[in-house]
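Q: Please take a close look at one sheet in this structure. Walk me through its strands and what packs on it, then show me what else is worth seeing.

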Amino acid sequence: MNQEVTKWVDYIQPTKAGSVKIYQAEAKVPVALTSEEEEKVIAELKALLKAEDAVLVAHYYTDPRIQALAEETGGCVADSLEMARFGRDAKAQTLVVAGVRFMGETAKILSPEKRVLMADLDATCSLDLGCPEEEFSQFCDQYSDRTVVVYANTSAKVKARADWVVTSAIGLDIVRELDRAGEKIIWGPDKHLGHYIQEQTGADMILWQGSCIVHDEFKADSLALFRKEHPDAAVLAHPESPASVLAQADVIGSTSQLIKAAQASTSERFIVATDRGIFYKMQQAVPHKELLIAPTAGESATCKSCAMCPWMAMNSLAKLRDALKLGSNEIKVDEAIRVGAVKSLNRMLDFSEKMSVNVQASGDLLQDQRLFQHVGPA
Ligand code: SF4
């Protein structure tokens, strides 16, 4: 049990000279269990969750069987911010976070008194990897007059270096507000998301050149051909995708908002440009509609991610069971760093509460395009 296949994944990191360098990182993807093994592990996990006063908090991009178990046992399936909020407000004293490391760290930053366990502490993210704190800090120091705004997909140290952390429904609103106040911005780490926000707000932003290996791989040319094959399909895209892909989208939004948009739309078929893990919840929301994954750079062996995050895939039922059984893979965040990071996270949460952002989809894609332009990624 717990056999793994190692996958090497390329990711980018900006250099001091202004170009980008390609690095490689490892993802250890567990081999699937037999159905008998799976049933046994699920039963063990359910018993452990009760015995350990624990709750399973899963991201939309994790294995559907993990998402189903989180739902069945009173946990949650959500985007990264909602995962952290759920964890913070949960009565359970142990949070079992199924996702990638920065999600576990965010949960710990907001809930320092709770025990946060993960399936694998090496489950990372190309945005987090491509934005090391030291280099990012030096980059920020060059523009000391600018406000530092970072996306949630960053380490606790980068969050502590930032003035604001943004995610989901609030990213555009915060940048727009900062722009109105005359503030110039440093944005990190996702260049596509930064470009999208810059375009929508007109804010003065200097962008760190990171990218998500999953969304960066959606290709505009292939998408255009795919749309011709499926002329009735509406395109739903996550704004970590390249601008040329977003230009073809009917709705641009976070994971949660894309699910809502599919539900509210009159379209019967969707081409979806985000990690295919979202199909579990999206199909639940629209059981009779057809979901197609947007084309990536290659097929099977030649694509980097094939629209499936290899680090999210490091989460398995067996590894979650082991973490809870042994109390292993606990997330620890240095208190001084946590105190710095919680300030920038709380700024966003306070702003969000003041704004009371409440986006409702209408079903009219043109109208929703305008509506969701205020919605950032998860
Ligand atoms: S899907 Fe992209 S942004 Fe999300 S964890 Fe994987 S690499 Fe990071």
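**A sheet and its surroundings**

A: Start with an open sheet of four strands in this predicted model. Its strands come in the order β8-β7-β9-β10, and the pairing is parallel. In general, the strands of a sheet pair through backbone hydrogen bonds, and the pairing can be parallel or antiparallel.

Look at the edges next. They are β8, residues 164-166, and β10, residues 205-207. Each of these two pairs on one side only. Now compare directions across the sheet. Ignoring direction, neighbouring strands are turned against each other by 25 degrees on average.

Zoom in on one pair. Strand β7 covers residues 147-151 and runs parallel to β8. Three bridges join β7 and β8. Find V149: its bridge partner in β8 is W164.

A helix packs on this sheet. It is α9, residues 191-201. Helix α9 touches β7, β9 (185-188) and β10. Its direction makes about 165 degrees with that of β10.

Now move to another open sheet of four strands. Here the order is β12-β11-β13-β14, with parallel pairing. The edge strands are β12 (251-252) and β14 (290-293), and each pairs on one side only. Strand β11, residues 234-237, runs parallel to β12, and two bridges join them. Within that pair, L236 stands opposite V251 of β12.

This sheet also has a helix lying across strands. Helix α12, residues 255-264, crosses over β11, β12 and β13 (269-273). It runs at about 165 degrees to β11.

Next, see how two helices meet. Helix α1 (residues 35-51) packs with helix α14 (residues 317-326). The angle is about 35 degrees, and the axes are 9 Å apart. The crossing is left-handed. From α1, the residues in contact are E38, V41, I42, E44, L45 and L48. From α14, they are L317, A318, L320, R321, L324 and K325. By class, this contact has eight nonpolar residues, four charged and no polar ones.

Finish at the ligand. How many residues lie around the ligand, and which come nearest? There are 13, and C125, S126, C212, V214 and C309 come nearest. The shell has 10 nonpolar residues, two polar and one charged.

Notes: Residues are numbered from 1 along each chain as its sequence is written. This is a predicted model: local features need pLDDT of at least 70, side-chain atom pairs count only at pLDDT 80 or more; totals for chains, interfaces and linings use all residues. Axes are lines fitted to C-alpha atoms, for helices over the stretch in contact, and angles run from 0 to 180 degrees between N-to-C directions. A crossing is left-handed if the near helix is turned anticlockwise from the far one by less than a right angle, and right-handed if clockwise. Two residues are in contact if their C-beta atoms, placed from the backbone, lie within 7 Å. Ala, Val, Leu, Ile, Met, Phe, Trp, Tyr, Cys and Pro count as nonpolar, Asp, Glu, Lys and Arg as charged, and the others, Gly among them, as polar. A residue is near a molecule or strand if its C-beta atom, placed from the backbone, lies within 6 Å of it. Two strands pair if DSSP finds at least two bridges between them.
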